[in-house]
Amino acid sequence: MQTIRQYIKNKVNQKPMKPPETLNTSRLLLRLPITDDAETIFQKYAQDVEVTKFLTWHPHQKVEESREFVNRCEHCWEDGTAYPWVITRKEDNELLGMIEMRIDGFSADIGYVIAREYWGNGFAPEAVGVIIDWALKQDGIHRVWAVCDVDNVASARVMEKVGMHNEGILHQHILHPNIDSDLRDCFCYSINK
């Protein structure tokens, strides 16, 4: 029987896992972002002060900022630091938002954004759910987690809908510059194998 120390050593020495470039649900296709998405990202949500309220970056003022963001997404896939997908609706290829997963050891954390015109349609839980399903099927991932500002009721509800559990408050955990210049408290949600 393998000891915990041997198990950890084997997992650490394994080649890093890479998620699929596309994931499907009944209504959604999650795919790699491409340069041509930048203008749509800018128009749909990146410049929207209401959508970006609880995000860690300021609304984009120019489409060039969205292009730089898409370039970062492409580099993240290449170096394995993060795995962002554009969330699109299958029926018409409409870009609805984005979701990103970062794998660190035995856990993966996620973040997501949906354009305001698509709020309330269940797209965020559907996208989060397919990421969780994929992640927890991997031998090396035992926990998927995410945080949201304590005032972001909608995001907390998304996590609850997909079966994540509120683990409590992380005090002064993150900067949401569109709300406050001080660090903000966040709820931490997770789901484990």
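**Figure 1. The order of helices and strands along the chain.** Read from start to end, this protein runs α-β-β-α-α-β-β-β-α-β-α-β-β. That adds up to five helices and eight strands. What you see here is a predicted model. The radius of gyration is 17 Å, close to the 16 Å that the globule rule gives for 193 residues, so the protein is as compact as a globular protein of that length. Along the principal axes, the C-alpha atoms fill a box of roughly 55 × 35 × 30 Å.

**Figure 2. Inside, outside and charge.** How much of the protein is buried? Buried residues account for 45% of the 193 residues. Turning to the outside, about 10700 Å² is exposed, and carbon and sulfur atoms supply 50% of that area. The chain carries 22 positive and 29 negative side chains, and the centres of these two sets lie 7 Å apart. Contacts also tell us how the chain folds back on itself: among those between residues at least 6 apart in sequence, 64% join residues at least 24 apart.

**Figure 3. Helix 5 and its two sides.** Start with residues 153-161, which form helix 5; here Ser155, Ala156, Val158 and Met159 are buried. Why can these four be said to share a side? They cover an arc of only 155° around the axis, which puts them on the same side of helix 5. A handy rule helps here: an α-helix has 3.6 residues a turn, so residues three or four places apart point the same way. Now look at the other side of helix 5, where Val153, Ala154 and Lys161 are exposed. What do the buried residues of helix 5 pack against? Their partners are strand 5, helix 4 (123-136), strand 6 (143-149) and strand 8 (183-192). Just after helix 5 comes Gly163, with a positive phi of about 90°.

**Figure 4. Helix 2 and its neighbours.** Helix 2 covers residues 38-46, and its buried residues are Ala38, Ile41, Phe42, Lys44, Tyr45 and Ala46. Which elements do they pack against? Look for helix 3 (63-79), strand 4 (94-104) and strand 5. Strand 5 is also among the packing partners of the buried residues of helix 5.

**Figure 5. Ser107 in strand 5.** Ser107 belongs to strand 5, which spans residues 107-114. Is Ser107 buried or exposed? Its relative accessible area is 15%, and because buried means under 20%, Ser107 counts as buried. Leaving aside neighbours within four places in sequence, Ser107 is in contact with Arg102, Ile141, Arg143 and Trp145.

**Figure 6. Strand 8 with Leu183 and Arg184.** Both Leu183 and Arg184 sit in strand 8. Not counting residues up to four places away in sequence, Leu183 touches Gln172, Ile174 and Leu175. Arg184 is buried, with a relative accessible area of 13%. Which residues are in contact with Arg184, leaving aside its neighbours within four places in sequence? The list is Asp149, Asp151, Leu170, Gln172, His173, Ile174, His176 and Ile179. For a sense of scale, Leu183 and Pro125 are 58 residues apart in sequence and 27 Å apart in space, C-alpha to C-alpha. Arg184 and Asn71 are 113 residues apart in sequence, with 28 Å between their C-alpha atoms.

**Figure 7. Two residues with a positive phi that are not glycines.** Let's begin with Asn93, which is not a glycine yet has a positive phi of about 60°. Asn93 lies in the loop between strand 3 (83-89) and strand 4. With a relative accessible area of 59%, Asn93 is exposed. Next comes Gln172, also not a glycine, with a positive phi of about 45°. Where is Gln172 found? Its home is strand 7, residues 165-175. Gln172 is exposed, with a relative accessible area of 57%. You have met Gln172 already, as a contact of Leu183 and of Arg184.

**Figure 8. Asn71 in helix 3.** Helix 3 holds Asn71. At 34% relative accessibility, Asn71 counts as partly exposed. How far is Asn71 from Thr81, 10 residues apart along the chain? Their C-alpha atoms are separated by 14 Å.

Conventions:
Residues are numbered from 1 along each chain as its sequence is written. This is a predicted model: local features need pLDDT of at least 70, side-chain atom pairs count only at pLDDT 80 or more; totals for chains, interfaces and linings use all residues. Side-chain values use heavy atoms; hydrogens and water are left out. Helices (H or I, at least four residues) and strands (E, at least two) are DSSP runs, numbered from the N terminus. Buried means under 20% relative accessible area, exposed over 50%, partly exposed in between (1.4 Å probe, protein chains only). Contact means heavy atoms within 4.5 Å. The radius of gyration is taken over C-alpha atoms; the globule rule is 2.2 Å times the number of residues to the power 0.38. Accessible areas come from the Shrake-Rupley method with a 1.4 Å probe; for residues, only the protein chains shown count as cover. Lys and Arg count as positive and Asp and Glu as negative; His and the chain ends are not counted. The place of a charge is taken as NZ of Lys, CZ of Arg, CG of Asp or CD of Glu. The arc is that of the directions from the helix axis to the C-beta atoms.
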